[in-house]
Every structure is written in structure tokens, then in C-alpha cells.
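Student: Could you walk me through the salt bridges here? I'd like one close look at that part, with the cut-offs spelled out.

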Amino acid sequence: VSAHAQDTRAGRPRTRATRRSTGAATAVLSRGEPLVWLTGGGLVLALAMIAGLLALVIWQGGVTFWQRPLVSLTTSDGATYLGEISRTERYRPAAGVMAGLRGAEADAAGAIGADNEGALTRLLLRTGNFELDGEHFRWLSDHAVVERSRPEWALLLERLTWGRFYGEPVGFLVDGELQAQDPAAAWALYRRHHDDVRDRWHERRDIERNEMGAMSRRMETARLAVRTAELKAGVDSPAWREAEAARQRTAEAADAEFTVLRERIAALNAVNDRFALRLRTASGAEKDIPLAEIVRAVPANRLGIGGRLRLYLARWGEFLSDEPREANSEGGVLPAIFGTVAMTLVMTLLVVPFGVLAALYLREYAKAGLLVSLVRISVNNLAGVPSIVFGVFGLGFFCYVLGGGIDQFLFAARLPNPTYGTGGLLWASLTLALLTLPVVIVSTEEALAAVPNSMREGSYACGAGKWQTIRRIVLPRALPGILTGAILAMARGAGEVAPLMLVGAVKLAPELPVDGVFPFIHLERSFMHLGFHIYDLGFQSQNSEAAKPMVFTTTLLLITIIAVLNLAAVRIRAQLRKRYAAGKF
Amino acid sequence: VLAVLDAAGGLHFRSVRTRRNLFTGETTLSLAGGDLALGPAASERPPRHLRLDGTGDTAYLVWDDGRTLRIDAAHPAGPRIAETLDLVPEAGSRVTALEFLVGKTSLLVGDDAGRVRAWYRVRREDAAARDGATLLPAHELPPGAAAVTALAASSRSRMAAAGYADGTIALFQITGERRLAALRTPDAAAVAALALSPREGLLTAVAGDRLARWDIDAPHNESSLKTLLAPVWYEGYDAPAQVWQSTGGTDDFEPKYGLAPLIFGTLKATFYSMLFGLPIALLAAIYTSEFLHPRVRARVKPAVEMMASLPSVVLGFLAALVFAPVLADRLPTALAALVAVPFVLLLGAHVWQLLPARAATRLEGRRLLAIAAALPLGLLAAAVLGGPLERLLYAGDIMAWLDGQVGDGRGGWLMLLLPLSALAAALVTTRLIEPTLRRVSRSWSRTRYAAVDLVKFLVLALLALASAWLAATVLDAAGWDPRGHVLGTYVQRNALVVGFVMGFAVIPIIYTIAEDALGAVPDHLRAASLGAGATTWQTAIRVVVPPAMSGLFSAVMVGLGRAVGETMIVLMAAGNTPILDANLFNGFRTLSANIAVELPEAVQHSTHYRTLFLAALTLFAMTFVLNTVAEIVRLRFRRKAYQL
């Protein structure tokens, strides 16, 4: 009351008015409706952006593999194009273009312009046939298209090289002889032979990869033995001579085996080369495509809903289980999924023990004081350090200092090719482990703090020691929180890309980090990563238009993985809570 | 090219051409060229030096007293005098040594007072010379004690050595104007000749009758605090500049490690993303904590939190490949939306006020739906207004307008001033109009007041627009045009795109921490306030927000830290051009993106590699300060919250 009186004496009319008036103004103004609407607008905007983003990714990623009809477009200058429409857009024609049009084209352009405020529309047609036209896509203005049709026998080929091919089957060749004359017969022959050809192709690839790869490894091991002997005992020492002799024996044996394998490959190739499909493109050119080159042929306009659905699922299957082709813009992302999972697992194995131990010490053993609060501030600070800085640290310390040192001592024979002295799975996992350490420490600490002290005291009262109490009473109760932290760390680690660019993620890894060759897990190998795959596809691809849908699909996959991890964290937390809630006393 | 000066003062240029016939293998030599009569000036007192530069298109005649003729011999058939100048402007001083720097376009001049200067030939618009170039004294090196008697330039970097008459030798880094070493010949005799080995490992000098030799180990000498942060005059530039350019096409390329453009880029990205993300995040947090039904809050908050773990590579990709093209296509609409969305929200609120008191109370739970409906209306309004606005303000083509080709500066000023005038209008409302209105409206009904309030809002909005337009006209008439400074040529990947998308990336973080801080304010405070008759809004703004202030501040700090260090979004959506340009519509490069782009290719332990580590350290220091401040404030807040 006295403050009020003072206010009044000091003569502050606004304050007085606020406090005294009970009229209409207060009734309206006190609700602050405009500002409440602004705050609500902020929330709605944030939610709308989140929803919009997810919807965009899900929609774009979802439709990538849905086969659209193949259209044949004839333009006013007489050229015909066959392909899929990937998108349409409005554009402003350059000055004088509209005036230069004649006849029906001018009418069409005028009509389109009238509908679009003077802008014209065009469509991007995926025409493929790169080796014939030198382009994968072509812009066509809508007003220039005079005829559209959907040819019944239009065929889309997904190939091993050169990207897609669009055309109509006109014949099937066996040993260079034309076996079928019409599309239906050619298609039937294709169906009969294609699976066998693909099987032979897979067999050939397996020979190349497994058996020839094993051979190369044996030769490399022998070469390294020679080099090791050279480093240890010098050139021309007995040990060196022995190793050199062994190397020569291996080389001779390998040469013989290589010849056998090459013959087998040649035989497989010879059978495969007998079959080819002859296609006629929209411009009338004919081309024979060997069946071994064809991954999949789709008569898109003959497919019903069921066929499309099967194709859609088959493409998703290929995406999830196959290797990339065509500079990553076709095929699958299995190595990237594998790399992401392997890296995240190794990272979790590294970060969880350290994080949990650190949190245990901070919460259960350390005495609260300046040092502990300094450590806490540092941990929280670590959480805010930009990920790229972790990457720089990882490259400078792990790769160059640690890795370089390991190479000097253990892999001297391989130098100057670095083994551990460059980016790799281990270093990437370690770097991300550092990055996610605060997540684990903070959530473990929170979980430990949530264990009621009465339980600890009860345990002590029963005569248990400190470690017994922690192990039997505290840790089990804190487990949900610890697991949540671990899963959140995994989610964070799986989505982080910037540091990986420095410590080991690559565009295309020739070998998986885990395989059947001793020691089975190759921590020094560089790997592919879904996040890096997105960056690489979207920004470093030569055929960026064709890569774009794949980026959306990969994005969808990555977001799904991270969302699943996050949801798993929530579920596990809830379930474990329920289980331990029963034991509450 | 050969240049010969004869005793009669005639300067002759001959260019030698060797041609090899591909079929016969025969080689033919041809000689062509021209002459220039310099007359008695050159014949009576012949010049001390005649030098040809690396490409052979410029010759220098230098007399003892510093008088210099620069001859343009780009066409050897017709050489001409490009300019006359004095290499030693100080009266009475003489040129005692002359040498080319690596690349052979810049001159290193030593005089009898011990000064060494580097002269750069630069192209300038205001150059007096006929070939549009001029020779400028770019660097003056730390002086020596006696006359310069010998100069030697390194053949791989901008390192040079100068020998003096008193037997001392100095090793310089030209661009950084640093003296790397001061040496002394054994018997203090004048240095007669100097040579630097091609790999910069050795320096030899002839002094008196002895030959002296030094090993040089001067790693990273091109880099100093000054070259990293201050403008530096590089060869080929017409003035000191702050440049980041780490690789070049030629052998005599000089790497330029100015961190300023990168730090500027980092700040630019942070500023615009905070400008967009901060208000939305804080407002959303306040609404979630104070106005949302707990059941809805329990669903909304985890949803936003989960967005915090959305990989930034996804956002970057969407920004660059989806958002940037759309924005470039519909820029006027996007700009209009920045104004139209808040306007429609405020308008909606004023209309909502018209509801009778009981209806308003009953419908309070549905308010968020009404707000959600207002948002698309705002966007729709922006879409409708975009085209006409472009025609009205930006001469029908905003890209050309930004480029400075069409239209005048008023549209730009309006864009910049409208937020200010809107703020001024808000201030006028609360300070002047509302107190008056309160007095007048004592006997009015609630609805009537609300109607008047709506009219007041519309009038003020119009007034704000009009005053902004007036100010824009005045500023434009005064000859100031915002184009070329904060606005300018549109590049598809620019600060606006990054501002939007990175703003979106920091929203979840700021939102989560801010909401936690608001939620930590004990409920008994709210209950007391509401019990005393305050409305929810009054409680929120006067009771809940003040104690949570330090928590909100720490949220902002953490958000800032995230924005400073964010890599993938700027890497993909900012265009990666390391330039110092305030233009909202231009690209930039941040410290983080620069590291991501260049570190994988940097040679280990090179100056480039170390500079990138320094960039990482800078980044670390920036976020360290922000995070520590946030953490300290947060701890204090927590202590305070316990006391409440």
C-alpha cells in the first residue's frame, strides 16, 4: 500500500490508471490478446515448419521409387522424346521469345501465359540414353509440345552403366541373330533369359570379388613379409631371401590360379554376351543392349497397380540391400547403412563405459566442491562445442598423432601407405564418442540423482558397502536413465556428419568394415555413412538431377533410423520404469 | 623479349619467336620488335638499371636518383612510356639496389638510407598511366642502419634478403612487412652480393673478400597475427584487403590467410539465424509453458525436442536444393510474408477481442486453432501481395532491382525501415494512446472498446507503413541507396536462406531450454498471481518471466553457440564464397564450413593446416565463452529458483 501511495505522489499517471481503472480498457488490455497471439503464432509456426519438413521428406522420399508412366512427347520442331516427367515449373520467357512464336504454338503459349500471369510452363523430361544424346534430362516448354502419348510398349531399362535407357523393344538377339520381331515376342524372350543372365553375372562378380580378392590379399601378405624382413634384417639377409622366395612361390601359384579364374569369367561372359535386347529410341535410332548390362527392364505403361506396387517394393528392397551404382545415384545404400550402424555401435561401446564411470564418480564418490563443479561446467561446455571442432581434434590427434604412431610401430612395412594414420572407423567412432560423452554423462548423472537417498541409506543400514550398494541398488534403478542416455547418444552420433568428413567417411568404400577376412572387424578402414551420402549425392554428383530423388530417399531412411532410436529411448525408459516401479518402497 | 638501350638514348625491344614445324621438325627463329627514342634524358646520364618484368610486357629504366620510366611494351612493335615516377621520394636519396620479387612483376627497391620498399604494379581505375596500371609503394620494410647494397628475392615465396653497407643482412617477409632475422657478416664489410637458394634453405653473401653462408629455417613466416586479422596488401590487389584464398593455380601464387572474411561470415550466419529463430523459439516456449493445456503440452514438447536430433545435413540439403530455389523464385512473397504473418496474427487477436467476455473465456481452449488458421491466411495474403508489391516497389523484377539495374532505393528502405516504424508504432500505442484511451473509455462497454482498439490498430499499421514510406522517400531523395550495402545482387545460396534454415535448426534447442526455465518457476507463484485477480497474460509476463529471465538468457546463449558452430547447413546453403559483404542476399563462408572444405586437403603441418587449426581454435573459443556464460547463468538461476 505504501508503495502504491508513493507512486501516486510521484505522479505517474500511467501506473495509476492501470491500478485504478476497472473499465472496458482493462478488461480488454489485461488479457494482452495481441501478444498472446504472437506467442501462439511462434509455436504454430515452429510446429508447422516441423510438420512441413517431415511431410516433404516423407512424400518426396516415398514417391521416388513409384514408377510414373512413360510419355512420348512430340515438339513443334518434329522431334520426339520418350521418358518420365520428373517435374514441371513456371518460368519467365526471355524478351522477344513470345513475339517470335508462330501459329498454334503462339496460341498455346498465349493460353498458358494467360493462366500464369505471363509466365510459361515447362517440364523436365528424364530422357536417359546418355550415350546417344549426351544428356540425361531435357527441358521442354509446354507450349512447344504438340502431341503427347503413352506408348504401350515403352520400356525403361535400369542399367549397370550409362544410366537409364528409354525405348521400345523391337527385337531380341541371340548370337547376333534376330530371334523376335515384335515387342511382345522380344519381351517374352527377355523374360525367359534375363534371370539366368543375371545369375551368371552375379557369379562372375562373386569370383572377382571373393576368389580373386583372396588371391590379391595373399600376394599382398607375401609382399609385406618381404618388406618386414627388409626393415628388420636388411636386403639380402637370409630372412629376406626366404621371404622373397616365398613371395615368388605365391606369385607363381597366384598367376596360375588367376589364369583359371579368368577363364571361368571369360566363359561366363561369353554365354552372357550371346543375348541382347534391341530397342528403338523415340528418335528412331536402334540400339542393342547386352542383357548382362540390364539390371531391370520395366514396361511402365503396361503395369497395373499390382505390378507397380511390386516394382515399388522391389526397388525399396534393392535400395536397402544392394550396393550403389552410377556414382551412387542408382542402386542401393547397403554399405552406407552398414557403415553408419558399425560406426554407431563401436562409438556406443566406447562412450557408454566411460560416460557411466565418469558419472558414477561425479555423483557417488566425489565430494561436492569447486573441482566437481568445474568438471560439471566443462562437461556441459563440451556439449556445446561445435562438432567440426571435434572433427579437427580427431584428425589432428587420433589420425595423425595416434594413428601415425601406430603405423610407425606396427605397420611400418606398409608405409608410406597409411594404415591407421588416416581416417577410419576407429577414429571416427572415437571422435564421435568424445562428442556424445556429455550426453551419456548428463543423463546418467540425472538417473543416479533420481535414485532416492533412502534406498542408499537402507542398503548401508543392512551392512552393505559402498560398491555393493551402487551395484545392487543404485545402478539397477538408474539403468533406464543410462540406457536412455546411450540411445540418445547413438541418435546424435548417427546424425552427425561434419566431423566424419574429416575422420573417415568416404564417397565410396570398396570394402565393408566388417567381413569374412581375418580379423573380421577392420577398424582402420574408411567407411560410407548415410549422412555423408546425403551431402555427397546432393552436392558432388555429376548427374545431380537423377541423384536428387535418391537424396530424399536416403534422408527418409536416416530420419527413420534416428526417429526409431529416439522412440526406442522413450519406450525403454517407460518400460524399465514400470518394471522398477513395482519394487518401489 | 630483349630490351636494349643504346648510347644515343634509343630503347629497342625485340621479341624472339621460336617456331617448330611439326612436319619437318625445322626450327625457325624470328625477331620482331619496335624502338622508342628517349633522347638526351637517357643518353646524357644513362640509367642505372634496365629491367624487364616476367612476362616481358613492361620495362623499367631506373636512374640513381630514383627517377623511373615505366615502359609499356605489351606490343613490342610499339613501345611507349607508361608513366614516370620517383622510386625514392625522399630528397637526396639514391637507389642503391633493385630486384624483382618472385613472379617478376613487383619491384624491390633499396636506397642509400637503408630503406627497402616493395612496389606493386596494380590496375586502378584512377591510374594516370596510359595502360591503366600504376606502380605503387605497397610495403615499406623495417629500415636498416646503412645504405642497402644488395638485394635477393626468394624464388618460391615473398621472402627477400637485403645486405647493407655496414655488413649487416636482414631477412624479410615482404607481405607481412616483417624482419625475420638480422645477421652480421664476419668482418663487417659491406655486402656485395646476396643469394637465396631456391628452396629457401640457404642464404649466402659476399662481403669484403669472404663468402658467408647461413642455413635458414623460417617455417610459416608468411603468417602473423597481422596477416591473419588485419587487411594486408597482396600482390595484384590495388589496396590492402582481407582475403581468404588458400589455393591458386600458379606456382608463384601467394596463399592469403585472412581470417576476417570467415569470422565475418560466421557472425553473419549467426545474426540472421538468431534474428529469425530466437523470437519464434522464445514466443513458442512462453505459449507452451503458460497458455497450453498440459495434455497438449505433453505432446508438443517432445515433438519439438525430437527435432533437435534431426541431422543438420538433412536441413542443409533441404535448404540448398529445395528451399533456396523456391525462395529465389518467390522472393517478394517471402519478404511480404515477414510482414504479413505478424500483421495477420495481430489482426486476428484484435478481432478475437471483439468476442463477448463469456464467449472468449469459453473458447480459450480453441485459441490455438484460431491462431493456426491465421497463419495460412497470412501466407495467402503474402502470396497475393507478392506480385503487386514487386511491380510497385521493385520495378516488376526484384532480381534486376537488387542488382541495381532498375528502380530506386525506396523499396529497399521500406524493407529495412518497416520493422523500425512498426516498433515505433507499438511504442506510441503503449506510451501515448492507451493511457488517453483508458481515460476516455471508462464508461464504454467492453465490445465497444475492442472495436475502437481494432480501428486504432489498423490506423496505426497504416501510419507505420506511411511513415516508413515517407522516410524511405526522404532517404532516397537524399541520394542514399541501400543497394550495394546491406542489400545487393541476389545469389541463390545466401544469408537469408541460411538465416531461415539455421534459425529453424536452433529453434528446438532454445525452445527446450527456455521452456524448462519457465516450467521451473514454482506453481505457487502462478497460483498466487491468478488468485489475486491477474489474467493469465499478466501472470505470464509479470510473474513467471522475470524469475525465469536468466534461464531464458542461458537458452539464448546455448542457441548462439549452436549457430556459431553449425557446419553442414552453411556448408551446403551458404555458397561458400569467402567474401566480406554485408549484403543479405549474398553468399558467405563460415569458419566451420571452411574447415570442413579445406582441412581434408590441407598438407599436414603446412601453414594452411595450422591456420585451419587456428580457425578451429577460434571457433572453440567463441563457443567456449558463450557456453561458460550460459552455464554460469544457469547455475545461478537454479539457485535462485530453489529459493522461490
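Tutor: Sure: a salt bridge here is a side-chain nitrogen of Lys or Arg within 4 Å of a carboxyl oxygen of Asp or Glu. This is a predicted model, where local features need pLDDT of at least 70, side-chain atom pairs count only at pLDDT 80 or more, and totals for chains, interfaces and linings use all residues. Side-chain values use heavy atoms, without hydrogens or water, residues are numbered from 1 along each chain as its sequence is written, and chains are lettered from A and ligands numbered from 1 in the order in which they are written.

By that rule, there are 55 salt bridges over all chains. In chain A, a network of them links A:Glu84, A:Glu158, A:Arg164, A:Arg296, A:Arg315 and A:Glu318.

Over in chain B, B:Arg526 pairs with B:Glu290 at 3.0 Å, N to O. That joins distant parts of the chain, 236 residues apart: B:Arg526 sits in helix H13 (residues 523–531) and B:Glu290 in helix H3 (residues 260–290); helices are DSSP runs of H or I, at least four residues, and strands are E runs of at least two, numbered from the N terminus. B:Arg526 and B:Glu290 are both buried (under 20% relative accessible area; exposed is over 50%, partly exposed in between; 1.4 Å probe, protein chains only).

B:Arg158 and B:Glu254 also pair up, with their closest N and O atoms 3.7 Å apart. They're 96 residues apart, B:Arg158 in the loop between strands S12 (148–153) and S13 (159–164), B:Glu254 in the loop between strands S19 (244–245) and S20 (256–257). Again, both B:Arg158 and B:Glu254 are buried.

Then there's B:Asp481 with B:Arg483, at 2.9 Å from N to O. B:Asp481 counts as partly exposed because its relative accessibility is 27%, whereas B:Arg483, at 11%, is buried.
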